[in-house]
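Work through the exercises below with the sequence and the structure at hand. Try each task before reading its solution.

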Amino acid sequence: MKYELNQNVNLHVIPTNKYKTVRILVRFSAPLSTETNSKRALLASLMETNTLNYPDQTSLSKKLSDLYGASFGIGVSRNGNEHYFTLGMNIINDQLVPNGISVLDEAVSFLKDVIFEPHIIDGVFEKETFEREKENLIEYIHSIFDDKQTHASLSLQNLFFSRSNSQKTPSFGTVEAIERETALSIANYYGQMIAQDKIDIMVIGDVAEGYVARCFNDFGFKNRSYQQESLFYTQSLQNVIQQKTEQLPVVQSKLNLAYHCDIYYYDELYFALMIFNGLFGGFPHSKLFLNVREKHSLAYYASSSIEPFRGLLTVQTGIDGKNREKVLRLVNEQLKELATGKVAEEDLEQTKIMLINQFLLSLDNQRSVLEQTFLKIKAPQADISQEEWINRIHAVTIDDIKSVAKRVKLQAVYFMEGEKEQ
């Protein structure tokens, strides 16, 4: 059930006795922006570390221990044209606690403290914490780029989204932008985020809806205006394929491909897109896995994935550098086979079964159900029953797969070549 606490501040309660814990999510939504990604990532680190009333990690950890071992974390992410700053907390069900103590009520008070009482003194974040968390975040970003698979993925993203700075900037920002931030600039941005972001609070577990609503009734968020733009990022097809080659000290070369695919979350062909991806490179029986990796032994790994909020399909491969052109040609052949309907009925049915099993398993995962609920808020067309979801998967035909494949167009090629022998 949805409760409107204030303008653009909503509480969503999902009562279920399926889980022994209660999960609470407080999500701040803002338009995706190159200027603010880094601020939000740094702010997440600061607010997760301590607060004004819990000024160090020890006192904050003790409070969580007092809440019967509650877990708590803050992170940033994005979907399409939106950036999310999310506080998550897991607590024990009140019914399992002796003496009638309400852990839920205490947890809500704790979250309120974290959100509205950060470690800001005289208008700036406490200096020692700020400098430490700033340095930690910079080291973390450097470590991400040290992982060559992630480096290849982000490099491909830069090529594909060459016309959009906000889309090619990672959700955690950049080292250059973080280095420019100060304890004052982040404190100022904190005030802006608290006052302007759209707020969705979600609670799932064995809870009474009315009681949850009372716990959050005077939580503290004020009315705010929020201009909802399209969640989906779209870009036009380019005639020129963007390409980049880097030579780095790796044993295994990496060839990553990005395709324009103008099929979005719960579009008419969305279910066909999921099955297409499973057949192309998403599962162990896919064409990329069986033909590029197994049959021709041209790749250490070969897979595909979709981003249905950005119209993007990617292929990731690990190869010997000398096989670059062979792999490119073979990947293209697998796509052509799907475009001409060269799909075995048993492979189509196996893909459907695997997708349905994944979906049913996700319904048993507390975090996954919360994320699905949030996406239904953002994309109402996704609000369908379990039965309808399964029926739509079963309804996909080989002709639908052909339609999807014909709309997949190569736009970017990133090649990380291992250092050549001297």
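Contact here means that heavy atoms lie within 4.5 Å. Angles run from 0 to 180 degrees between N-to-C directions, with axes fitted to C-alpha atoms. The model is predicted.

**Exercise 1. A five-stranded sheet**

Task: Find the order of the 5 strands in the open sheet that has strand 9 in it, and say which helix lies across strand 9, strand 10, strand 12 and strand 13.

Solution.
Step 1. The order of the strands is 9-13-10-12-11, and the pairing is mixed.
Step 2. The edge strands are strand 9 (242–248) and strand 11, each of which pairs on one side only.
Step 3. Ignoring direction, neighbouring strands are turned by 15° against each other on average.
Step 4. Take one pair from the sheet: strand 10 (residues 253–261) and strand 12 (residues 312–319) run antiparallel and are joined by 8 bridges. Within this pair, Leu255 has Thr317 of strand 12 as its bridge partner.
Step 5. The helix is helix 12 (residues 324–339), which lies across strand 9, strand 10, strand 12 and strand 13 (408–418). Helix 12 runs at about 30° to strand 10.

**Exercise 2. A six-stranded sheet**

Task: Give the order of the 6 strands in the other open sheet. Then explain why one side of each edge strand has no neighbour in the sheet.

Solution.
Step 1. The order is 1-2-8-3-5-4, again with mixed pairing.
Step 2. The edges are strand 1 (2–6) and strand 4; each has a single partner strand, so one side of each is left without a neighbour in the sheet.
Step 3. The average turn between neighbouring strands of this sheet is 20°, direction ignored.
Step 4. At one edge, strand 1 pairs with strand 2 (residues 9–15) in the antiparallel sense over 4 bridges. Glu4 has Asn10 in strand 2 as its bridge partner.
Step 5. Helix 1 (residues 34–49) packs on the sheet and touches strand 3 (21–31), strand 4 and strand 5. The direction of helix 1 makes about 175° with that of strand 4.

**Exercise 3. A hairpin**

Task: Which residue takes a positive phi in the hairpin of strand 4 and strand 5?

Solution.
Step 1. Strand 4 pairs with strand 5 (residues 82–92) over 9 bridges, in the antiparallel sense.
Step 2. Asn79 stands opposite Glu82 of strand 5.
Step 3. The hairpin has 2 residues between the strands, and Gly80 takes a positive phi near 55°.

**Exercise 4. Two residues with positive phi**

Task: Are Tyr68 and Asp122 buried, partly exposed or exposed?

Solution.
Step 1. Tyr68 is in the loop between helix 2 (57–66) and strand 4. Tyr68 has a positive phi of about 55° although it is not a glycine.
Step 2. Asp122 is in the loop between strand 6 (120–121) and strand 7 (124–125). Its phi is near 55°, a positive value in a residue other than glycine.
Step 3. The cut-offs are under 20% relative accessible area for buried and over 50% for exposed, with partly exposed in between.
Step 4. Tyr68 has 40% relative accessibility, so it counts as partly exposed. Asp122 has a relative accessible area of 79%, so it is exposed.

**Exercise 5. A loop residue and its contacts**

Task: Is Ser171 buried or exposed, and which residues is it in contact with beyond its neighbours within four places in sequence?

Solution.
Step 1. Ser171 lies in the loop between helix 6 (165–168) and helix 7 (175–180).
Step 2. The relative accessibility of Ser171 is 16%, so it counts as buried.
Step 3. Its contacts, leaving aside neighbours within four places in sequence, are Asn37, Val76, Ser77, Arg78 and His83.

**Exercise 6. Pocket and cavity**

Task: Which element gives the largest share of the lining of the largest pocket, and which residues line the largest cavity?

Solution.
Step 1. The largest pocket has a volume of about 1100 Å³. It is lined by 39 residues, and the closest to its centre are Tyr265, Tyr270, Ser368, Gln372 and Leu375.
Step 2. Elements that give two or more residues to this lining include strand 4 (71–79), helix 10 (270–282) and helix 14 (366–378). The largest share, 7 residues, comes from helix 14.
Step 3. By class, the pocket lining has 17 nonpolar, 15 polar and 7 charged residues.
Step 4. The largest cavity has a volume of about 50 Å³. Its lining consists of Pro31, Asn81, Glu82, Tyr226, Gln227, Gln228, Glu229 and Ser230.
Step 5. The cavity lining divides into 2 nonpolar, 4 polar and 2 charged residues.

Terms used:
Residues are numbered from 1 along each chain as its sequence is written. This is a predicted model: local features need pLDDT of at least 70, side-chain atom pairs count only at pLDDT 80 or more; totals for chains, interfaces and linings use all residues. Side-chain values use heavy atoms; hydrogens and water are left out. On a 1 Å grid over the protein atoms alone, a cavity is a set of points where a 1.4 Å probe fits but cannot get out, and a pocket is an open set with protein on both sides within 12 Å along at least five of seven lines; lining residues have an atom within 4 Å of a point. Grid points are joined across faces, edges and corners, and a volume is the space filled by probe spheres set on the points. Ala, Val, Leu, Ile, Met, Phe, Trp, Tyr, Cys and Pro count as nonpolar, Asp, Glu, Lys and Arg as charged, and the others, Gly among them, as polar. Two strands pair if DSSP finds at least two bridges between them. Buried means under 20% relative accessible area, exposed over 50%, partly exposed in between (1.4 Å probe, protein chains only).
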